[in-house]
Amino acid sequence: MSATTVSFEVTSPHGPRPVTVSYARAGRGEPLLLLHGIGHHRQAWDPVLPALTPERDVIAVDLPGFGESPALPDGMAHDLPTINGVLGGLCAALELDRPHVAGNSLGGLLALALGRARLVRSVTALSPAGFWNEAERRYAFAVLTAMRQIARRMPEPVVERLARPAVGRALLTSTIYARPARRSPEAVVAETLALARARGFSETLRSGRSVQFTDDVVGVPVTVAWGSKDRLLVPRQGVRAKGVIPKARLVRLPGCGHVPMNDDPALVARVLLDGSR
C-alpha cells in the first residue's frame, strides 16, 4: 500500500499543536486501524494485508516519530495519553467512527488504551506492552536499547550485505521474529533503517518506564494474542493480561515471536478478523 499523510491539530498543555501522520489505506469493509511497535513502522503489517483487505478497510499507521511520520512538535510528549490523543485526532481527520484497532507491542498497549476509552469497536492486542513486572521491563528495555544502538552504528551497505543470507537476517531480527528467514532481505533492511532513524524512539522508551496496564477494558471486545516464542515480552505476560481484562479472549500463537505477523501471517490474519467481528 502506498502511503499518504494527514495533518490535524491536537490539544497539548501549551495549546493546539499541528501533527502530521503518515498512513496507508486499502481494502473494503469495516475500518481496522493497525498500530506497530516501538522502533518499527507500518510495513510490519505487510504480511497479513492480503488476507485482511478483502474484508476490512485497513489503515496502517506510522506512529509519530516512527517510519515516515514526523516526531511530535515541541511541547508534546511521546507518552501514552498524548499518542492516544493523536490517534483520536487521526480517526476524526479520516472520519473513522470507532474503528476496530489492532496493535503489536507498543501498538497493542495503545490499542488497549483506546479500548479503555471506548473510542474503538474492538481491540486485538498482539504481545502488548504494559503487563510486565519490573525485571521483565528492564530486560525488554535493555534489549530494545541494544538493538537500536547496533542499528544506528551499522552503515546501510553493511545492513544490505547482512540481510542477503538467511543467517544474516537472523542476526538482525531474531529478537523479534521466531522465523526470521521468512522476512525478505528488502524488508529487513527497511526495518533496520527504520529502527536506526526513529526520531521518537528514545522519548517513547523513557515514557514507558512507568507504564503498567492495570485497568479493565469494559464494553469493548478484546482479544489478546501472544507468540509462544516471544523472546522480548515473554508469554506469561499474556496470563497477566487476562487477569487484568477478565473478559478478554486469550489466544496462543504457536511458533510465533514478538512480531508474529511475519512468522505466521495466515494465523495472525485469522485472529485479527475474528477479533474484529
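# Exercises on strands, helices and salt bridges

In this structure, leucine 35 has glycine 103 of strand 5 as its bridge partner. The model is a predicted one, and the exercises below are to be read with that in mind.

## Exercise 1. The surroundings of strand 3

Determine which strands pair with strand 3, and in which sense.

Solution.

Step 1. Strand 3 and strand 4 run parallel and are joined by six bridges. Within strand 4, isoleucine 59 stands opposite leucine 33.

Step 2. Strand 5 (residues 100-104) also pairs with strand 3 in the parallel sense, here over four bridges. The pairing of leucine 35 with glycine 103 belongs to strand 5.

Step 3. Five of the six residues of strand 3 are buried, and the strand is therefore largely enclosed by the rest of the structure.

## Exercise 2. The sheet as a whole

State the strand order of the open sheet and identify its edge strands.

Solution.

Step 1. The open sheet has eight strands in the order 1-2-4-3-5-6-7-8, and its pairing is mixed.

Step 2. Strand 1 (3-12) and strand 8 (249-253) are the edge strands, since each pairs on one side only.

Step 3. On average, neighbouring strands of this sheet are turned by 25° against each other, direction ignored.

Step 4. Strand 6 (residues 123-126) pairs with strand 7 in the parallel sense over four bridges. In strand 7, threonine 223 is the bridge partner of threonine 124.

Step 5. Helix 11 (residues 265-275) packs on the sheet and touches strand 4, strand 5, strand 6, strand 7 and strand 8. The direction of helix 11 makes about 170° with that of strand 8.

## Exercise 3. Arginine 42 and its partners

Decide whether arginine 42 is buried or exposed, and name the salt-bridge network in which arginine 42 takes part.

Solution.

Step 1. Arginine 42 is located in the loop between strand 3 (30-35) and helix 1 (49-52).

Step 2. The relative accessibility of arginine 42 is 6%; because buried means under 20%, arginine 42 counts as buried.

Step 3. Beyond its neighbours within four places in sequence, arginine 42 is in contact with several residues, among them Met1, Tyr23, His36, Asp62 and Glu68.

Step 4. Side chains of opposite charge can pair when their charged atoms come close. Arginine 42 forms a salt bridge with aspartate 62, with 3.7 Å between the closest N and O atoms. This pair links distant parts of the chain, 20 residues apart, with aspartate 62 in strand 4 (residues 56-62).

Step 5. Aspartate 62 is likewise buried, at a relative accessible area of 1%.

Step 6. A network of salt bridges links Arg42, Asp62 and Glu68.

## Exercise 4. Two further salt bridges

For the pairs aspartate 215 with arginine 116 and arginine 236 with glutamate 136, give the N to O distance and the exposure of each residue.

Solution.

Step 1. A search of the whole structure finds 13 salt bridges. One of them joins the side chains of aspartate 215 and arginine 116 at 3.7 Å, N to O. Aspartate 215 lies in the loop between helix 8 (201-207) and strand 7 (222-227), whereas arginine 116 is in helix 3 (residues 106-116), 99 residues apart.

Step 2. Aspartate 215 is partly exposed at 41% relative accessibility, and arginine 116 is partly exposed at 32%.

Step 3. The side chains of arginine 236 and glutamate 136 meet in a salt bridge of 2.7 Å, N to O. Arginine 236 is in helix 9 (residues 236-244) and glutamate 136 in helix 4, 100 residues apart.

Step 4. Arginine 236 counts as exposed at 51% relative accessibility, whereas glutamate 136 counts as buried at 8%.

## Exercise 5. Helix 4 against helix 7

Classify the relative orientation of helix 4 and helix 7, and describe the residues at their contact.

Solution.

Step 1. The axes of helix 4 (residues 134-153) and helix 7 (residues 185-197) come within 8 Å and cross at roughly 105°.

Step 2. Angles of 65 to 115 degrees count as roughly perpendicular; helix 4 and helix 7 are therefore roughly perpendicular to each other.

Step 3. Helix 4 contributes Met147, Arg148, Ala151 and Arg152, which meet Thr192, Leu195, Ala196 and Arg197 of helix 7. By class, this contact has four nonpolar, one polar and three charged residues.

Terms used
Residues numbered from 1 in each chain as written. Predicted model: local features only at pLDDT ≥ 70, side-chain atom pairs only at ≥ 80, totals over all residues. Heavy atoms only, no water. Axes fitted to C-alpha atoms, helices over the stretch in contact; angles between N-to-C directions. Helix = DSSP H or I, 4+ residues; strand = E, 2+ residues; numbered from the N terminus. Parallel < 35°, antiparallel > 145°, perpendicular 65-115°, else oblique. Contact = heavy atoms within 4.5 Å. Nonpolar A, V, L, I, M, F, W, Y, C, P; charged D, E, K, R; others polar. Buried < 20%, exposed > 50% of the residue type's maximum accessible area, 1.4 Å probe, protein only. Salt bridge = Lys/Arg side-chain N within 4 Å of Asp/Glu carboxyl O. Pairing = 2+ DSSP bridges.
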